[in-house]
Amino acid sequence: MHRITYSHGVTIEASSGQTLLDASIENRVPHHHQCGGQARCTTCRVRILDGLSQVSARTPLEEQVAAQRGWDDFTRLACQTRIYGNVVARRLLQSPQDVVVLDLDELGASSGAEERELDVAVLFCDIRNFTSQTERSLPYDVVYFLNGHFAAAAEVVLNNNGFIDKYIGDGLLAVFGIRGEAPAVACRNAVRAAIGMQDAATRLSPIFERDLNISLRIGIGVHFGPAILGHVGHPGKRQITVIGNTVNVASRIERMTKQLNAPILLSDSVVTHLSGALRLGVSNKLRLKGTSEAALLHACDGFISPDPIHLVQSSFHRIAPRLIAFGERFYTILFEANPELRPLFKNDLAAQQRILVSMLSSLVKGLNRIADIKGGVRELGQRHCRYGASMNHYNKVASALLLTLVEFLGDEFSPEMRAAWIAVFGTISSLMIEGAQTVEAAPVA
Ligand code: FES
């Protein structure tokens with residue numbers, strides 16, 4: 001066995017010839033691998049800090065990727081790198097935001113340009129009465145409050161394929177569509193994020209009121225239009241940001257949310273791209289500060305037809321604070337109804353619960369970009385097949401999952417939510433079955 005030491009202080013063991021990615025997965029080290037190890041996504045990339053001579057040479061596929069991107073010898077794809085001795089490595093992508101930044105860098109590299117003009121949906125969110133509410137609060141409490149709010153709001157942005165451009169005081173600027181998504185997709189993601197942020201604020205506000213005497217009410221403005229995406233700042237500390245009138249307009253729309261008593265206000269361009277899909281409140285034609293023409297703004301109450309991704313995300317966020325208990329209860333329900341499944345789970349139950357929780361979190365994050373996570377889900381199906389899982393086990397898992405959701409969400413688990421979970425589970429299990437079928441066709445020695 002060989003040792004892989006990651007720069008975040010974790011050391012794992014790998015067998016000779018095992019890929020670095022497989023070793024990470026086997027040892028539960030979170031390691032992005034969106035294409036499932038096909039050398040297509042580059043999200044598994046690592047930097048070999050020590051022991052380069054102990055790993056395999058690049059495969060032809062990796063050679064191609066490295067040449068296109070001009071990588072030096074130390075940047076490697078973990079899915080293509082086999083281990084033949086001890087190595088020290090750093091995972092280069094550790095959070096969903098890293099993956100978005102990677103996508104931006106890749107797009108920049110492929111176009112050869114430092115700046116790009118894109119059509120994007122820009123979301124601006126701000127806390128109502130933040131200054132007046134917090135002027136007498138302890139600075140530590142204010143930081144705690146802001147971090148609680150930003151953590152929940154940013155999570156929703158990332159789950160909806162957005163990019164967190166920056167935090168500005170108590171405000172948050174997020175952008176949707178930077179990967180070149182169609183305008184309707186970018187706008188739908190932005191609106192879904194806006195609704196999710198309002199849901200999160202509604203959930204958190206009573207806690208902040210009880211603990212800190214601060215209420216969390218937010219206003220959100222969304223606008224769609226052209227913007228420049230570029231790197232700005234000192235060469236030693238540059239950051240990717242969006243610039244342009246679309247950003248200014250989104251910020252001014254947000255400022256109108258209080259005056260118009262609308263938690264979510266959309267510009268007419270957002271509504272046009274989502275024609276017929278939104279439940280709209282009052283519309284107003286107003287001149288925004290610093291602009292010469294009147295803009296048509298619409299209050300938004302949600303989607304007309306239930307949006308399955310939003311339903312799954314919002315139910316998942318409701319159980320998020322109790323995920324460990326959720327995992328425990330899920331396995332109790334599963335094994336009570338199907339005791340024959342217990343021997344298939346080789347790990348101790350606590351480890352198994354952690355795996356379930358992390359799998360569910362990753363799937364909920366990836367729902368919005370199924371194409372990106374297909375490879376990883378298929379590969380998960382292959383692994384399950386090797387552990388002895390068969391097709392009909394997926395139905396048993398699905399019904400245990402639904403029963404657990406019913407127990408945890410009670411009346412909140414609406415028929416629409418149930419249908420959304422069934423649809424999502426159907427998509428994921430079909431992909432896993434596809435992966436498992438490739439194992440059956442070519443059994444592993
Ligand atoms: S390139 Fe390695 S997982 Fe996608």
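Here are three short exercises, with worked solutions, on a predicted model.

**Exercise 1. The whole chain**

Find out how the radius of gyration of the chain fits that of a compact globule.

*Solution.*
- Start with the length: the chain has 445 residues, and for that number a compact globule would have a radius of gyration near 22 Å.
- Next, take the value for the chain, 24 Å, which agrees.
- Then look at the extent: along the principal axes, the C-alpha atoms fill a box of roughly 70 × 55 × 45 Å.
- Finally, look inside: 37% of the residues count as buried, and the chain holds 14 helices and 13 strands.

**Exercise 2. Following helix 6**

Trace helix 6 from residue 183 to residue 212 and work out where its kink lies.

*Solution.*
- Helix 6 has 30 residues, and 44 Å would be expected at 1.5 Å a residue.
- From first C-alpha to last, helix 6 reaches 40 Å, close to that expectation.
- Along the way, there is a kink of about 35 degrees at Leu204, shortly before Pro206.
- Just after helix 6 comes Asn213, with a positive phi near 60 degrees.

**Exercise 3. Where two domains touch**

Identify which helix gives the most to the side of domain 2 that touches domain 3.

*Solution.*
- Begin with the bounds: domain 2 covers 96–305 and domain 3 covers 310–441.
- Their C-alpha centres lie 31 Å apart.
- The contact takes 11 residues from domain 2 and eight from domain 3.
- On the domain 2 side, helix 5 (139–159) and helix 6 each supply at least two residues.
- Helix 6 gives the most, with six residues.
- By type, the domain 2 side divides into four nonpolar, five polar and two charged residues.

Methods: Residues numbered from 1 in each chain as written. Predicted model: local features only at pLDDT ≥ 70, side-chain atom pairs only at ≥ 80, totals over all residues. Helix = DSSP H or I, 4+ residues; strand = E, 2+ residues; numbered from the N terminus. Rg over C-alpha atoms; globule rule 2.2 N^0.38 Å. Buried ≥ 20, exposed ≤ 12 C-beta atoms within 10 Å, placed from the backbone. Expected span 1.5 Å × (residues − 1). Bend = angle between axes of the 7 residues up to and from the residue. Domains from an automatic or database assignment. Contact = placed C-beta atoms within 7 Å. Nonpolar A, V, L, I, M, F, W, Y, C, P; charged D, E, K, R; others polar.
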